[in-house]
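This report goes through the packing, strand pairing and charged contacts of one protein chain, and it is meant to be read with the structure open beside it.

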Amino acid sequence: KLNEQIKNGTFDCDYVLVCDEGLKSRNREAIVPALLELNRIRYIGSDAYAMGLSQNKYHTNIIASSLGVRCPRDLYLEYDSGYAEKKEEILQNLENSMKAMKLEFPAVVKPVWEGYSMGVFKVEDMEQLWDAAVFNFENYREPVLIEEYIRGKEVYAPILGNGEEAYVLNIGTCRRADGSDIDIFSLEDKCFTELTDEVAELEYGLKTEIVRQSLLLYRHLGCADFGRCDFKITEEGIPYFLEINPRPGLTENGPYETCGKSAGMTYAEIIGEVIGNARKRYGI
């Protein structure tokens, strides 16, 4: 509908706040920003390049690691339509590669460019790893990432602003409404479980390091107006980067409102600042 309105000249607005999840494509979250940019329509949030790149968890990890951001060790498994006939060969290659890079079980298996924790599994052995990989091959037909499992608490860093003016509101964490911690976020957790967000209690040095790494990657990717980085903190207090989301949810009582309250901001003020960041970026 957006494309049709642009083509027939009926599209009329001041700014677009892009919230769509897009089409079934690895470019799904980059399509609308690219379409708007092509037609010189002002929009709030990151551009097509930041959206498309961050969608690929493997490529994002490569960039994060190159910047000195600590990431879980991972192994890329290319999608092969003939995987069923090549099971023994694939498993042997995987076993050799995992040994070479000291990637041990338990491990996490996930599709490379899906969202909402779709296809994410914690696996304990090669047979479970294969079942998880096959599930993703059958359902998403895309590469799979086999990642080191980090035992600990997951936290997030909501970011506001652009360039050197960007800052982290605070560090937050998410639990189930019954108070239980979440080990591995699943699709069930994100979409069908009642969750509660709270500010994470972290010692100063750890919090400072998470803020530094979040802003480093956010600025390097050229994210705009708002974004969020997620980390896992080990029991020893070591942060591991999980992913960056240049277009995170702005839901009430979610990460932004929770961390914003700790900084003395209302939900309306946070949304106003997101819009204001885009206005400043366009020189308005």
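Two strands are taken to pair if DSSP finds at least two bridges between them. The model described here is a predicted one.

**Strand S7 and its partners**

By that criterion, S7 and S11 are paired in the antiparallel sense, with nine bridges between them; within this pairing, Glu 154 has Lys 232 of S11 as its bridge partner. S7 is also joined by two bridges to strand S9, which covers residues 172-176 and runs antiparallel to S7, and here Val 155 is bridged to Thr 173 of S9. Two further bridges, again in the antiparallel sense, pair S7 with strand S8, residues 167-168, where the bridge partner of Leu 160 is Tyr 167. S7 and S8 form a hairpin with six residues between the strands, and in this hairpin Gly 161 adopts a positive phi near 110°. As for its surroundings, S7 is mostly covered, since seven of its nine residues are buried.

**Nonpolar cores**

In soluble globular proteins, nonpolar side chains tend to be buried together. The largest nonpolar core of this model consists of 26 residues, and Ile 171, Ile 210, Phe 241 and Ile 244 are those with the most contacts inside it. Two or more residues each are given to this core by helices H3 (48-55), H4 (57-66) and H8 (204-220), and by strands S7 (152-160), S11 (226-234) and S12 (239-245). H8 gives the most, with five residues. Which residues does Ile 171 touch, if those up to four places away in sequence are not counted? Among them are Val 155, Tyr 156 and Ala 157, together with Val 199, Ala 200 and Leu 202, and also Lys 207, Ile 210, Val 211 and Cys 259. A second core, separate from this one, has 20 residues, including Leu 75, Leu 91, Met 98 and Ala 132.

Helix H8 also contains Leu 206. Is Leu 206 buried or exposed? Its relative accessibility is 9%, and because buried means under 20% relative accessible area, Leu 206 counts as buried. Leaving aside neighbours within four places in sequence, Leu 206 is in contact with Ile 233, Gly 237 and Pro 239. By contrast, the C-alpha atoms of Leu 206 and Glu 124, which are 82 residues apart along the chain, are separated by 30 Å.

**Helix H5**

The 14 residues of H5 should span 20 Å at 1.5 Å a residue, and the C-alpha atoms at its ends are 20 Å apart, so the two values agree. Within H5, Ile 90, Leu 91, Leu 94 and Met 98 are buried. These residues lie on the same side of H5, because they cover an arc of only 95° around the axis. On the other side of H5, the residues Glu 88, Glu 89, Lys 99 and Ala 100 are exposed. The buried residues of H5 pack against S3, H6 and S6. Just after H5, Lys 102 takes a positive phi of about 55°.

**Salt bridges**

Side chains of opposite charge can pair when their charged atoms come close. Searching the whole structure gives 11 salt bridges, and the table shows some of them.

| Salt bridge | N to O distance |
|---|---|
| Lys 7 and Glu 4 | 3.3 Å |
| Arg 73 and Glu 148 | 3.2 Å |
| Glu 127 and Lys 87 | 3.3 Å |

Lys 7 and Glu 4 both belong to helix H1 (residues 2-8), where they are three residues apart, about one turn of the helix. Lys 7 counts as exposed at 58% relative accessibility, whereas Glu 4 is partly exposed, with a relative accessible area of 45%.

The pair of Arg 73 and Glu 148 links distant parts of the chain, 75 residues apart, with Arg 73 in the loop between H4 and strand S3 (74-77) and Glu 148 in strand S6 (residues 144-148). Arg 73 is partly exposed, its relative accessible area being 36%, while Glu 148 is buried, with a relative accessible area of 17%.

Glu 127 in helix H6 (residues 126-140) and Lys 87 in helix H5 (residues 87-100) likewise link distant parts of the chain, 40 residues apart. Glu 127 is partly exposed at a relative accessible area of 42%, and Lys 87 also counts as partly exposed, at 23% relative accessibility.

Methods
Residues are numbered from 1 along each chain as its sequence is written. This is a predicted model: local features need pLDDT of at least 70, side-chain atom pairs count only at pLDDT 80 or more; totals for chains, interfaces and linings use all residues. Side-chain values use heavy atoms; hydrogens and water are left out. A nonpolar core is a set of buried Ala, Val, Leu, Ile, Met, Phe, Trp, Tyr and Cys residues joined through side-chain atoms within 4.5 Å. Buried means under 20% relative accessible area, exposed over 50%, partly exposed in between (1.4 Å probe, protein chains only). Helices (H or I, at least four residues) and strands (E, at least two) are DSSP runs, numbered from the N terminus. Contact means heavy atoms within 4.5 Å. A salt bridge is a side-chain nitrogen of Lys or Arg within 4 Å of a carboxyl oxygen of Asp or Glu. The expected span of a helix is 1.5 Å times one less than its number of residues. The arc is that of the directions from the helix axis to the C-beta atoms.
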